[in-house]
Amino acid sequence: MKKHHEQSQKPIRKFVIEFIDPMTRSIAHEVTLETADIQGLCSIVDPETKELHLASIYELDPSDIEKIGTRFGLAFGRQQSVARLRSWRAIDALPYKVHTNRELALMLSGKKPLAAFLEAYPSDPALELIPEAAFEPHTLAGSFVKREYILSENDRQTRMVLYATPSEAWRIEAYILLKTTALKTGWSEGFEYLEGSLLGYEDWQNDIYIEKIFRGQKK
């Protein structure tokens, strides 16, 4: 009885399982998992540890997905061949889906005019932090315009890769101007709103993001 009581007192954590479309490298659908059985989840996704780091992302193969479904009573339905697990974040509570890791799919559907990716420079090609290979066929076909830009701040450099639909290519230069200006003046709520607008978020989405996420991070 005491053992059962101790089990019931364990805190419940929330995770998100993302199924990735390999063609667009975008999230096709996702499932939320809530559990206090962290060790049980660890035994599936990372058997060498007893804790799942809040910032870590764990790649899942089909057998992992099957085991998670069986252990935690989840039905995943139609699955993509690539999946990963991460901790639930504050942005998951927003009443809309953020564009992160959905960029190419949204641009192909006409719902996003600009995508911006950043990584340390010089970059490590082996890490593939920016899905350039997935964007390349569409860039060569003329569906998107591509621009690379190196941001310099003190002794640190950041490589920025931007894609826009041809009719919205002006957003690329506007985005670069936004980032370079912010390096000199500091980031602000106004810059946050402008960035969201350039990336294709609607006004109501920007309003909610600033209220729930940006201002919350400033407290």
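## Lysine 179 and its surroundings

In this predicted model, lysine 179 touches Leu151, Met160, Trp187 and Glu195, when residues up to four places away in sequence are not counted. Lysine 179 belongs to helix α6, which covers residues 170-185. Its relative accessible area is 16%, and residues under 20% count as buried; lysine 179 is therefore classed as buried.

Two of these contacts recur elsewhere in the structure. Met160 stands opposite leucine 118 as its partner in β7, and Glu195 is one of the residues closest to the centre of the largest pocket.

## The largest pocket

The largest pocket has a volume of about 620 Å³. Its lining comprises 25 residues, and those closest to its centre are Thr100, Glu192, Glu195, Leu199 and Tyr209. Two or more lining residues come from each of β5 (114-120), α6, α7 (189-199) and α8 (203-218). The greatest contribution is that of α8, with 6 residues. Sorted by class, the lining of this pocket holds 14 nonpolar, 6 polar and 5 charged residues.

Threonine 100, one of the residues closest to the centre of this pocket, is found in the loop between β4 and α4. Threonine 100 has a relative accessible area of 45% and is partly exposed. Apart from neighbours within four places in sequence, threonine 100 is in contact with Ile27 and Tyr201. Its C-alpha atom is separated by 8.6 Å from that of serine 26, although the two residues are 74 residues apart along the chain.

## The second largest pocket

The second largest pocket encloses about 530 Å³ of space. It is lined by 22 residues, and Arg25, Arg84, Asn101, Glu128 and Leu129 lie nearest its centre. The elements that supply two or more residues to this lining are β1 (13-21), β3 (57-60), β4 (82-87), α4 (103-108) and β5. The lining of the second largest pocket divides into 12 nonpolar, 4 polar and 6 charged residues.

Strand β5 gives two or more residues to the lining of the largest pocket, and β5 also gives two or more to that of the second largest pocket.

## Strands β3, β4, β5 and β7

Strand β3 presents a covered face, formed by Tyr58 and Leu60, and an uncovered face, formed by Ile57 and Glu59. In a regular strand, side chains alternate between the two faces of the sheet. Strands β3 and β4 run antiparallel and are joined by 4 bridges. Leucine 60, on the covered face of β3, has alanine 83 in β4 as its bridge partner.

Strand β5 is mostly covered, with 5 of its 7 residues buried. An antiparallel arrangement also links β5 to β7, through 7 bridges. Within this pairing, leucine 118 stands opposite methionine 160, a residue that is also touched by lysine 179.

## Helices α2 and α5

Helix α2 (residues 38-45) is largely enclosed by the rest of the structure, because 6 of its 8 residues are buried. These buried residues are Ile38, Gly40, Leu41, Cys42, Ile44 and Val45. They pack against β1, β2 (26-35), β3, α3 (62-72) and β4.

In helix α5 (residues 132-140), the buried residues are Glu132, Ala134, Phe135 and Thr139. They lie on the same side of α5, because they cover an arc of only 150 degrees around the axis. On the other side of α5, Ala133 and Leu140 are exposed. The cover over the buried residues of α5 includes α4, β5, β6 (145-153) and β7 (156-164). Just after α5, glycine 142 takes a positive phi of about 85 degrees.

## The chain as a whole

The secondary structure of the chain comprises 8 helices and 7 strands. Along its principal axes, the C-alpha trace spans about 65 × 40 × 35 Å. Of the 219 residues in the chain, 39% are buried. Among contacts between residues at least 6 apart in sequence, 59% join residues at least 24 apart.

Notes: Residues are numbered from 1 along each chain as its sequence is written. This is a predicted model: local features need pLDDT of at least 70, side-chain atom pairs count only at pLDDT 80 or more; totals for chains, interfaces and linings use all residues. Side-chain values use heavy atoms; hydrogens and water are left out. Buried means under 20% relative accessible area, exposed over 50%, partly exposed in between (1.4 Å probe, protein chains only). Contact means heavy atoms within 4.5 Å. On a 1 Å grid over the protein atoms alone, a cavity is a set of points where a 1.4 Å probe fits but cannot get out, and a pocket is an open set with protein on both sides within 12 Å along at least five of seven lines; lining residues have an atom within 4 Å of a point. Grid points are joined across faces, edges and corners, and a volume is the space filled by probe spheres set on the points. Ala, Val, Leu, Ile, Met, Phe, Trp, Tyr, Cys and Pro count as nonpolar, Asp, Glu, Lys and Arg as charged, and the others, Gly among them, as polar. The arc is that of the directions from the helix axis to the C-beta atoms. Two strands pair if DSSP finds at least two bridges between them.
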